[in-house]
Amino acid sequence: MAAGPSVTVRYFAGARAAAGRAEESAPAGLDRAGFVAELTSRHGDQLGRVLSAASFLVDGTVWHDRHAPLPAGVTVDVLPPFAGG
């Protein structure tokens, strides 16, 4: 569990399998590279590979700005690429 301000991370499909869980907390204030590094350090390179190709939704909106820090209290959905489209 993250100490201090946090965000909720929800994993879907292959990201859920690679993380070994459906949901967890991560620290707020991370940019995208920091967020990916944090989750990869927790769950290993298999999740890191998924995250390198994943899409991220922050409270339902695509996280386009890789340098924008995550505000406390948001939900980040991790959506891996889907086969067939």
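**Figure 1. How much of the chain is tucked away.** In this predicted model, buried residues make up 36% of the 85 residues in the chain. The surface that stays exposed comes to about 4,700 Å², and carbon and sulfur atoms supply 53% of that area. If you take the contacts with a separation of 6 or more, residues 24 or more positions apart account for 54% of them.

**Figure 2. The whole chain, piece by piece.** Count the elements and you get three helices and five strands. Walk along the sequence and they come in the pattern β-α-β-α-α-β-β-β. The radius of gyration is 12 Å, close to the 12 Å that the globule rule gives for 85 residues, so the chain is as compact as a globular protein of that length. Along its principal axes, the C-alpha trace spans about 35 × 25 × 20 Å.

**Figure 3. Helix H2 and its buried face.** H2 covers residues 32-43. At 1.5 Å a residue, its 12 residues should span 16 Å, and the end C-alpha atoms sit 17 Å apart, which agrees. Which residues of H2 are buried? They are Arg32, Phe35, Val36, Leu39, Thr40 and His43. Looking down the axis of H2, you'd find these buried residues within an arc of 125 degrees, so they line one face of the helix. Turn to the face directed away from that buried side, and you meet the exposed residues Ala33 and Ser41.

**Figure 4. What H2 packs against, and what happens at its ends.** The buried residues of H2 have plenty of partners: they pack against strands S1 (6-11), S2 (23-27), S3 (55-58) and S5 (75-79), and also against helices H1 (14-19) and H3 (45-53). At the N-terminal end, Asp31 acts as a cap for H2, with a side-chain oxygen 3.3 Å from the backbone nitrogen of Ala33. Just after H2 comes Gly44, which takes a positive phi of about 100 degrees.

**Figure 5. Ala37, a residue of H2 that is partly exposed.** Ala37 has its place in helix H2. Its relative accessibility is 44%, and partly exposed means a value between 20% and 50%, so Ala37 counts as partly exposed. For a sense of distance, pick out Ala15 too: the two residues are 22 residues apart along the chain, and their C-alpha atoms are separated by 15 Å.

**Figure 6. Helix H3 and its two sides.** In H3, the buried residues are Leu47, Gly48, Val50 and Leu51. They cover an arc of only 165 degrees around the axis, which puts them on the same side of H3. Over on the other side, Asp45, Arg49 and Ser52 are exposed. What do the buried residues of H3 pack against? Their partners are the strands S1, S3 and S5, plus the helices H1 and H2.

**Figure 7. Glu24 and its surroundings.** You'll find Glu24 in strand S2. Is Glu24 buried or exposed? With a relative accessible area of 11%, Glu24 is buried, because buried means under 20%. Its side chain makes a polar contact with the side chain of Arg42, at 2.8 Å. Leave aside the neighbours within four places in sequence, and Glu24 is in contact with Val7, Thr8, Val9, Tyr11, Leu39, Arg42 and His43. Two of these names should ring a bell from the H2 view: Leu39 and His43 are among the buried residues of that helix.

Key
Residues are numbered from 1 along each chain as its sequence is written. This is a predicted model: local features need pLDDT of at least 70, side-chain atom pairs count only at pLDDT 80 or more; totals for chains, interfaces and linings use all residues. Side-chain values use heavy atoms; hydrogens and water are left out. Helices (H or I, at least four residues) and strands (E, at least two) are DSSP runs, numbered from the N terminus. The expected span of a helix is 1.5 Å times one less than its number of residues. Buried means under 20% relative accessible area, exposed over 50%, partly exposed in between (1.4 Å probe, protein chains only). The arc is that of the directions from the helix axis to the C-beta atoms. Contact means heavy atoms within 4.5 Å. A polar contact is a pair of N or O atoms within 3.5 Å; within protein, one must be able to donate a hydrogen and the other to accept it, and residues adjacent in sequence count only if both atoms are side-chain atoms. The radius of gyration is taken over C-alpha atoms; the globule rule is 2.2 Å times the number of residues to the power 0.38. Accessible areas come from the Shrake-Rupley method with a 1.4 Å probe; for residues, only the protein chains shown count as cover.
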